[in-house]
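The following exercises ask you to read pockets, cavities and a ligand site from a structure. Work through each task with the model in view before turning to its solution.

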Amino acid sequence: MELRHLRYFVAVADEKNFTRAAARLNIAQPPLSRQIQQLEDELGVVLIEKGSRPLRLTEAGKFFHAHAQELLDKAVDLKAMTQRVGKLDRKFAIGFVASTLYGLLPEIVRRFRGRYQTLDISFHELTTVEQLQALKDGRIDVGFGRLKSEDPAIRRIVLREEPLIVALPVGHRLTAVERPLTLSEVAQEPLLVYPRQPRPSFADQVLAIFRDRMVAPHKVIEVRELQIAIGLVGAGQGIAIVPKSLQGMVRTDVVYRALDDRLAVSPIIFSVRQMDRSPELVNMLDVIYEIYDEMGIAHDKHTL
Ligand code: BEZ
């Protein structure tokens, strides 16, 4: 059995159709059917129910599908890792969601750079969902995101739960309230959420907080990205719920207020390829915990 058989079978199982799977693999349908037949012959079990339309997998087929996908992910991982180990001009690519840039990311990178002066570091603004694919493709080595998705090819460490706050236009009546704001108070204002795409995103995390409290925002306005949301808050179009580190983005037309709700937090998640234990990643995690300890930021401590 070769990796090719796994790739072909996963395409057929995903597409539930030989014609679409052949198009996805860029091969003709007859050789694809032959390869699947070869695979079933070699395993001595039926993987796809005969004559089913759309295609249905047998129990053995479902088992094989899940594990074949895992093996393919590991193969991608192994390739990227081996290339990194073999390269003399070490490159290190960091993916991040925009909000982390207003918090501790710059300080983390400054300190990390001090330890790896010859490392060629690059930065890529990507949503959490985009980071997962970029890690698998080898386009980034670490991602800092906010969504808790499951993917067997990716190892994820929750660094901390960051409180969320409210961004209001300067002069808004709620800025006069001298205590943390409740979700019900905030729900009466038009709520700007971001990013609109790809989903799920931070927008869904914010909307879930309202749903969990059974509070419905009066009006939701989806916008493309964080900077647009904050700009529109400044223009008086609505309010936005943002991570606390956004207080680092100082604008004369926006005021930030605390939220009175223990559910109003957003995780900061460190994502790497499952098998990657490079010294750069171990060191970066050390730098992050070092900064948290110096700043008295509560966190659990994980190792790679
Ligand atoms: C933080 O604010 O905790 C953080 C931001 C970026 C990367 C890692 C941690």
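**Exercise 1: The largest pocket**

In this predicted model, α6 (128–137) and α9 (226–234) each supply at least two residues of the lining of the largest pocket. Find which element gives the most to this lining, and describe the pocket by its volume and by the classes of its lining residues.

Solution. Begin with the volume, which is about 350 Å³ for the largest pocket. Next, look at the 24 residues that line the pocket, among which Val 97, Ala 98, Glu 125, Thr 127 and Pro 195 are the closest to its centre. Then turn to the elements, where α6 gives the most to the lining, with three residues. Finally, sort the lining by class, which yields 13 nonpolar, six polar and five charged residues.

**Exercise 2: The largest cavity and the ligand**

State what takes up the space of the largest cavity, and work out which residues surround the ligand and which side chains place a polar atom by one of its oxygen atoms.

Solution. The count comes to two cavities of 30 Å³ or more, and the largest of them has a volume of about 130 Å³. Of the 14 residues that line this largest cavity, Thr 100, Leu 104, Leu 105, Ile 108 and Ile 268 are the closest to its centre. β4 gives the most to this lining, with three residues, while α5, β4 and α10 (279–295) each supply at least two.

The space of the largest cavity is taken by the ligand. The elements that give two or more residues to the shell around the ligand are α5 (105–115) and β4 (154–169). The residues around the ligand are Thr 100, Leu 104, Leu 105, Ile 108, Phe 144, Leu 159, Arg 160, Ile 268 and Tyr 292, and by class this shell has seven nonpolar, one polar and one charged residues.

For the polar atoms, an N or O atom in the side chain of Arg 160 is 2.7 Å from an oxygen atom of the ligand, and a polar side-chain atom of Tyr 292 lies 2.4 Å from a ligand oxygen atom. Of the 260 Å² of accessible area that the ligand has on its own, the protein covers 99%.

**Exercise 3: The second largest cavity**

Determine which element supplies the largest share of the lining of the second largest cavity.

Solution. This cavity holds about 50 Å³ of space, and its lining consists of Asp 73, Val 76, Asp 77, Leu 135, Lys 136, Ala 153 and Arg 273. Two or more of these residues come from each of α4 (59–86) and α6, and the largest share, three residues, comes from α4. By class, the lining has three nonpolar, no polar and four charged residues.

Key: Residues numbered from 1 in each chain as written. Predicted model: local features only at pLDDT ≥ 70, side-chain atom pairs only at ≥ 80, totals over all residues. Heavy atoms only, no water. Near = heavy atom within 4 Å. Polar contact = N/O pair within 3.5 Å; in protein donor to acceptor, adjacent residues only side chain to side chain. Areas by Shrake-Rupley, 256 points an atom, 1.4 Å probe, with all protein chains shown as cover. 1 Å grid on protein atoms, 1.4 Å probe; cavity = no way out; pocket = protein on both sides within 12 Å on 5 of 7 lines; lining within 4 Å. Sits in = over half its atoms within 2 Å of the grid points. Helix = DSSP H or I, 4+ residues; strand = E, 2+ residues; numbered from the N terminus. Nonpolar A, V, L, I, M, F, W, Y, C, P; charged D, E, K, R; others polar. Points joined across faces, edges and corners; volume = space filled by probe spheres on them.
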